[in-house]
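User: Please take a close look at a single part of this protein, the strand pairing and what packs around it. I would like one connected account.

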Amino acid sequence: MILRVKKSSKKCLGGIVVLFLVSLEKVHGSHNVIGASQPVTAAPGDDVLLLCQVSSEWNATTMTVEWSRLDLLQNSSNRYVLVYRSRKVDTDQMMKSYVGRVFLGSGNASLKLTNVTVNDSGQYKCFLPSLKKFSVVQLVVDSPKAGNLSTSKPQNTTVGESNSNSYKRNWHPVAIIIVVAVVVAIIIVAAVVAIIIVAAVVAIIIVVVVCVCQKNKKKRRLNRSNSRHPGQIFGEDESSIPLSAVSCSSS
């Protein structure tokens with residue numbers, strides 16, 4: 001069976017198609033993309049939300065969303081901060097520094113960027129291909145200045161006191177342990193040296209006492225030998241006395 005369409009039906013069908021395309025174009029044209037009117041400022045390590053919302057009912061989860069950097073030279077293969085299409089994030093076309101740190105907002109095209117750094121500062125473009133519209137957001141990441149690091153109230157302290165306090169605060173526990181160990185080692189070495197000196201002195205005294213005792217023993221032995229042999233003078237015995245002396249004494 002061959003279906004034949006009358007010319008009037010063709011005209012009616014063509015009119016319906018044209019009307020549908022015009023109405024679809026009007027619907028797309030009615031969407032407005034809302035972005036941040038002022039630069040978004042953050043400190044390193046913060047999480048930021050770069051706004052990109054559609055004014056009317058529009059769900060980003062079924063659409064394509066492209067976030068890119070306008071201030072960077074974009075590589076053809078990795079030129080997106082985030083690209084979302086076919087209900088998933090396409091990491092193959094994203095810059096490596098943003099992988100794992102960017103997320104799409106729930107139901108909208110806003111970009112959540114975590115753990116920002118100074119290198120993240122720049123112009124971010126949110127492009128919605130289905131609407132052929134975009135918005136631009138400026139992100140400024142400033143490192144804290146040296147003068148703003150301390151918010152405590154000033155204290156009335158002199159320069160010497162402040163220097164000494166900072167010096168005390170800078171003491172590290174490891175340094176304290178090392179100093180204590182060195183002091184203990186010095187004390188132990190000094191004690192060992194003192195013990196050696198005392199032992200040497202005691203040894204010298206013992207040697208002197210032993211020498212004196214031996215000398216006294218020799219003297220006592222000599223005196224005993226002299227008392228037992230009174231005729232023995234200077235090593236002479238009775239046999240060495242002349243016979244004339246003996247005869248004289250006997251007469």
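The account below should cover the sheet that holds E10 and E11, then the core and the salt bridges.

Analyst: The model is a predicted one. As context, the protein has four helices and 11 strands, and buried residues make up 17% of its 251 residues. Among contacts with a separation of 6 or more, 54% are between residues 24 or more positions apart.

The part in question is an open sheet of six strands with mixed pairing, in the order E2-E11-E10-E5-E6-E7. Its edge strands are E2 and E7 (88–89), each of which pairs on one side only. E2 and E11 run parallel and are joined by three bridges; within this pairing, Val 40 has Leu 139 of E11 as its bridge partner. E10 and E11 pair in the antiparallel sense, over seven bridges. Leu 139 appears here again, standing opposite Gly 122, and Cys 126 stands opposite Ser 135. E10 and E11 form a hairpin with four residues between the strands, where Lys 132 takes a positive phi near 55 degrees.

Ser 135, in strand E11, has a relative accessible area of 7% and is therefore buried. Beyond residues up to four places away in sequence, Ser 135 touches Tyr 124, Lys 125 and Cys 126, and also Val 33, Gly 35, Leu 51 and Cys 52. The contact with Cys 126 goes with the pairing already described, in which Cys 126 and Ser 135 stand opposite each other.

Two adjacent positions of the strand facing E11 can be followed in turn. Phe 127 lies in strand E10 and has 25% relative accessibility, so it counts as partly exposed. Leaving aside neighbours within four places in sequence, the contacts of Phe 127 are Thr 64, Val 65 and Glu 66, together with Lys 132, Lys 133 and Phe 134. Phe 127 and Thr 64 are 63 residues apart along the chain, yet their C-alpha atoms are separated by 8.6 Å. Leu 128, with its neighbours within four places set aside in the same way, is in contact with Val 33, Val 54, Trp 58, Thr 64, Val 65, Ala 109 and Lys 133. Thr 64, Val 65 and Lys 133 thus appear in the contact lists of both Phe 127 and Leu 128.

Leu 128 also belongs to the largest nonpolar core, which has 31 residues; Leu 50, Val 65, Trp 67, Tyr 124 and Leu 128 are the ones that touch the most other members. At least two residues of this core come from each of strands E2 (40–42), E3 (48–50), E4 (52–54), E5 (65–69), E6 (82–85), E9 (111–113), E10 (122–128) and E11 (133–141). Tyr 124, one of the core members named above, is in addition a contact of Ser 135.

Charged side chains come next. Side chains of opposite charge can pair when their charged atoms come close. The whole structure holds four salt bridges. One of them joins Asp 71 to Arg 69, with the closest N and O atoms 2.8 Å apart. The two partners differ in exposure: Arg 69 counts as buried because its relative accessibility is 2%, whereas Asp 71, at 40%, counts as partly exposed.

Asp 90 forms a salt bridge with Arg 85, where the closest N and O atoms are 3.7 Å apart. Arg 85 has a relative accessible area of 25% and is partly exposed. In the salt bridge between Arg 101 and Asp 120 the closest N and O atoms are 3.1 Å apart. Arg 101 lies in the loop between E7 and E8 (102–104) and Asp 120 in the loop between E9 and E10, so this pair ties together parts that are 19 residues apart in sequence. Arg 101 is buried, with a relative accessible area of 15%, and Asp 120 also counts as buried, at 3%. Through salt bridges that share partners, Glu 66, Arg 85 and Asp 90 are joined into one network. Glu 66 is also one of the contacts of Phe 127, which brings the account back to strand E10.

Note on methods
Residues numbered from 1 in each chain as written. Predicted model: local features only at pLDDT ≥ 70, side-chain atom pairs only at ≥ 80, totals over all residues. Heavy atoms only, no water. Core = buried A, V, L, I, M, F, W, Y, C linked by side-chain atoms within 4.5 Å. Buried < 20%, exposed > 50% of the residue type's maximum accessible area, 1.4 Å probe, protein only. Contact = heavy atoms within 4.5 Å. Pairing = 2+ DSSP bridges. Salt bridge = Lys/Arg side-chain N within 4 Å of Asp/Glu carboxyl O.
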